[in-house]
Amino acid sequence: MVAPFALVDCNNFYASCERVFEPKLRGRPVVVLSNNDGCVIARSNEAKALGIGMGDPWHLYRARFAEQAVTVRSSNYTLYGDMSARVMRTLAGLTPSLEIYSIDEAFLSLAGFEDLEAHARHLRSTVIQWTGIPVSVGIAPTKLLAKVANRFAKREAHADGVKLLIDPAAQDDALARIELTDLWGIARRMAARLKCEGIETPLQLRAADPQDMRQRFGVVMQRMVLELRGMSCLPIELVTPDRKSIVSSRSFGRLIKTRPEVEEAVTTFSARAAAKMRRQGLATAHLAVFIETNPFREQDPQYHASRAVTLPVATADTAKLITAAQTALAALWRPGYRYKKAGVMLMDLVKADRVQGGLFDAPDDPKAKMRMRTVDALNGRYGRDTVGFGVTGQPRVWTLRSDMLSPRYTTEWEELLRV
DNA sequence: TCTGGGGTCCTAGGACCC
DNA sequence: TCTGGGGTCCTAGGACCC
């Protein structure tokens, strides 16, 4: 048999994190709220039982649950990130192949384990013992089915946090008891489309012809059909790929009308995103700013827009990114609206080993200056700022957009840059 | 009067995930 | 009065370039 997958998912993660540091909250309804305490982003089982929904605006409940002792916490992402790292470190010690899928989920390969259920229970008990976070474990021949298994591990009381969907009969039974939208990758819109085409249940989807589904819905849907049949198409991704973009955005606590206030926010977002980018060893030459009015206030005139700017060279320098962001903001700013949200997006991120040390701006090293002249000449010749180099490493060709790195230029550039 | 084709970039939006 | 934040991938049309 193919190596089975386990999906380990933390139960009600943010609420569970709060409980680790406040044990008296155990057994009581707990909700964690989004930024500005706007809406519900995590609920303990007790809070779910009260009918509090994911994403619900908290103001709908505030009065109702005041006296019912629902404990409310503002979110603390630093804490959750730290707890997540503890859980992932624990899991990493218990399997040779771990894929961190999200802040509270990980896929594990269970290749080589004889007693899958015993191992799953071991994972579960070790994580709660070492971190205080309860987890559920779903095991199946494919990632998609492991997701389904995890759902039952969480919901069935007798499962006690572990569910195996290895036998075809068990898979049939599980798929018969869920909706299309319960499947990983199918949400409301796609489910509606499928239903229009006569596919109304997960079992019907599994029975569909994979090739035909590819024609009608694309390669992603074909993979889903195969995964439902127990043919693994989605391998464990052991290496976390570099981020392609980094966003820093916030809804304002109140509606904002003046430009200086938005400028201030955009400055903060730029600095925050730049810091995050540097921590990940990345840099960028593409940045965008967006601002939005409050779409829930239908009586207000609406405006939402984004503007991108390109820097002459990739950088991770906060001051340069702030300047660029203000330029973008100036281009899209419209007076007379009441703004609710703004953000800064850093895009087309590149490895920072190409751009470290502000080298593109004022290199002191004579060789670097020489290379800079060559770069200028090349950029002049091609009419674009597409060439750069690293001071610390070997001179190298890089591009502001990866798709501009065409092979016919690469060799020539490499030669010219070798001072 | 006829009026290409390939390519990139930007903006916008849709769909999905956590 | 109060409705999150951070990601990925895909598509489409217009501007612009060669």
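Let's start at DNA strand C. In this predicted model, 22 residues surround the strand. Five of them come nearest: S34, S245, V247, S249 and K276.

What part of the strand faces the protein? Take the strand C atoms within 4 Å of the protein. Sugar or phosphate accounts for 73% of them. The rest belong to bases.

Now the phosphates. Which side chains put an N or O atom close to a phosphate oxygen of strand C? I have three to show you. S245, already named among the nearest residues, sits 2.7 Å from a phosphate oxygen, counting from an N or O atom of its side chain. For K340, that distance is also 2.7 Å. For R250, it is 3.1 Å.

Next, where does this surface come from? Two strands of the protein, β9 and β12, each supply at least two residues. β9 covers 245-256. β12 covers 339-347. The top contributor is β9, with seven residues.

And the chemistry of that surface? By class, nine residues are polar, seven are charged and six are nonpolar.

Let's step back to chain A overall. Its secondary structure comes to 15 helices and 13 strands. The chain has 419 residues, and 46% of them are buried.

How do the contacts run along the sequence? Consider pairs at least 6 apart in chain A. Of those contacts, 64% join residues at least 24 apart.

Last, the outside. Chain A exposes about 21,500 Å². Carbon and sulfur atoms supply 52% of that area.

To close, back to the DNA: keep S245 in view, with its side chain 2.7 Å from a phosphate oxygen of strand C.

How values were computed: Residues numbered from 1 in each chain as written. Chains lettered and ligands numbered in written order. Predicted model: local features only at pLDDT ≥ 70, side-chain atom pairs only at ≥ 80, totals over all residues. Heavy atoms only, no water. Near = heavy atom within 4 Å. Polar contact = N/O pair within 3.5 Å; in protein donor to acceptor, adjacent residues only side chain to side chain. Helix = DSSP H or I, 4+ residues; strand = E, 2+ residues; numbered from the N terminus. Nonpolar A, V, L, I, M, F, W, Y, C, P; charged D, E, K, R; others polar. Buried < 20%, exposed > 50% of the residue type's maximum accessible area, 1.4 Å probe, protein only. Contact = heavy atoms within 4.5 Å. Areas by Shrake-Rupley, 256 points an atom, 1.4 Å probe, with all protein chains shown as cover.
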